[in-house]
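The following note sets out points for the colleague who will work with this model. Please read each point alongside the sequence and the coordinates.

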Amino acid sequence: MAMLSPKFDDLTIGHDFLFKKVMRNPRICKHLLEEVLQAPIAEISYPEIEKTIDVFYDSRGVRLDVIVADEKHTHYNLEMQVKNTTNPETGQHVLPKRTRYYQAMLDVDALQKGQNFDLLPATYIIFICAFDFFGEGNYIYTFKKRCLETPELEFSDETTIILLNTTGTHGNISPDIKSFFDYVNQHAVTSDFTKEIDKEIFHIKSDQKARLEYMSLETYVQDNRYEAYAEGEAKGLAEGEARGEANEKFATVKRMLRRGKSSLAEIAEDTELPLDTIKRIQAEMQAV
């Protein structure tokens with residue numbers, strides 16, 4: 001089981017810790033947003049650089065990478081995604097439902113602050129993906145809600161989801177966004193913008209507080225991983241023991257049925273299994 005995290009000095013912009021630190025620079029963050037949206041933003045603020053939203057005590061919390069707001073109160077959630085993760089139980093990619101959940105939690109969190117529905121801010125959820133989720137080669141995939149019957153009819157709830165594909169090959173993007181993609185993919189400094197990002201990363205890695213913060217975070221994550229692994233191992237052993245005990249009882253039932261010396265009720269009592277289970281095993285044996 002691989003649990004090793006990259007060393008602090010080896011972190012790249014693709015690591016969420018370093019990405020969040022870089023986006024804490026308002027000039028870099030603002031310029032990235034302007035280049036993605038191809039629209040000017042007068043000013044941005046940081047409601048919270050990393051926010052965990054827990055709506056109910058038993059709901060799944062959401063840890064958001066970067067949240068910023070502009071002078072029009074539009075909220076932007078920036079996320080770095082280097083792996084196209086799938087759910088091992090279903091085999092389904094988690095990205096679409098993740099964006100849906102993030103949007104829902106952002107809206108509910110806003111309502112918790114006393115906002116009415118019509119006062120919910122416009123939101124942009126922007127995922128910077130180091131893979132092409134749709135395989136269409138687009139640099140950018142932008143999603144808004146539209147009517148299937150009348151495509152030009154937009155459902156203006158002011159929510160937008162944008163997937164940036166750093167491996168894209170075509171589409172309308174600015175030279176700075178293309179250079180940013182090259183920086184994410186290959187650590188190539190090809191513009192003043194990526195030069196500024198690279199300089200910011202140098203300063204972050206020279207900051208002892210940032211180094212200690214990363215070490216503390218990774219220790220916490222590592223402890224949680226080991227705890228979860230230990231719980232999984234214990235659960236697996238318990239389930240294995242339970243299955244082994246059940247199989248042993250089933251084998252005993254079959255032996256007693258073959259001998260034909262005990263009634264079904266007696267077998268159920270001796271093995272501590274339900275009578276219906278004994279009858280089912282008997283029927284399966286007779287069907288063979």
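What percentage of the 288 residues in the chain do buried residues make up? The answer opens the first point.

1. Overall composition. The model is a predicted one. Buried residues account for 35% of the chain's 288 residues. Its secondary structure amounts to eight helices and eight strands. Among contacts in the chain with a separation of 6 or more, 57% join residues 24 or more positions apart.

2. Strand β8 and its partners. Strand β8 spans residues 159-165, and six of its seven residues are buried. With strand β6 (residues 123-129), β8 pairs in the parallel sense over seven bridges; within this pairing, Cys129 has Asn165 of β8 as its bridge partner. With strand β7 (residues 140-143), β8 pairs in the antiparallel sense over four bridges, and here Ile140 stands opposite Leu164. A general remark may help in reading this part of the model: side chains in a regular strand alternate between the two faces of the sheet.

3. The cavity. The structure contains one cavity of 30 Å³ or more, and the largest cavity encloses about 30 Å³ of space. Its lining consists of Cys129, Phe131, Asp132, Phe133, Tyr141, Leu163, Leu164 and Asn165. Strand β8 gives the largest share of that lining, with three residues. By class, the lining comprises six nonpolar residues, one polar residue and one charged residue. Two of the lining residues, Cys129 and Asn165, are also the bridge partners named in the previous point.

4. The second largest pocket. This pocket holds about 370 Å³ of space. It is lined by 15 residues, of which Gln103, Asp107, Lys145, Asp157 and Thr159 are the closest to its centre. Helix α3 (95-112) and strand β8 each contribute at least two residues to the lining. By class, the lining has seven charged, five nonpolar and three polar residues. A user who places ligands or solvent here should note that the lining of this pocket includes seven charged residues.

5. Helix α4. This helix covers residues 175-186, twelve in number, and reaches 16 Å from its first C-alpha to its last, close to the 16 Å expected at 1.5 Å a residue. Which residues of α4 are buried? They are Ile177, Ser179, Phe180, Phe181, Asp182, Tyr183 and Val184. The elements that cover them include α2 (26-37), β5 (75-81), β6, β8 and α5 (192-205). An α-helix has 3.6 residues a turn, so residues three or four places apart point the same way. After α4 comes His187, with a positive phi near 60°.

6. Positive phi in loops. Most residues other than glycine have a negative phi. Gln38, a residue other than glycine, has a positive phi near 55°; Gln38 is placed in the loop between α2 and β1 (44-48). Gln38 counts as partly exposed because its relative accessibility is 46%, which falls between the limits of 20% and 50%. His73 likewise has a positive phi, near 70°, and lies in the loop between β4 (66-70) and β5. His73 counts as exposed because its relative accessibility is 57%, and the exposed class begins over 50%.

Technical notes
Residues numbered from 1 in each chain as written. Predicted model: local features only at pLDDT ≥ 70, side-chain atom pairs only at ≥ 80, totals over all residues. Heavy atoms only, no water. 1 Å grid on protein atoms, 1.4 Å probe; cavity = no way out; pocket = protein on both sides within 12 Å on 5 of 7 lines; lining within 4 Å. Points joined across faces, edges and corners; volume = space filled by probe spheres on them. Nonpolar A, V, L, I, M, F, W, Y, C, P; charged D, E, K, R; others polar. Buried < 20%, exposed > 50% of the residue type's maximum accessible area, 1.4 Å probe, protein only. Pairing = 2+ DSSP bridges. Expected span 1.5 Å × (residues − 1). Contact = heavy atoms within 4.5 Å.
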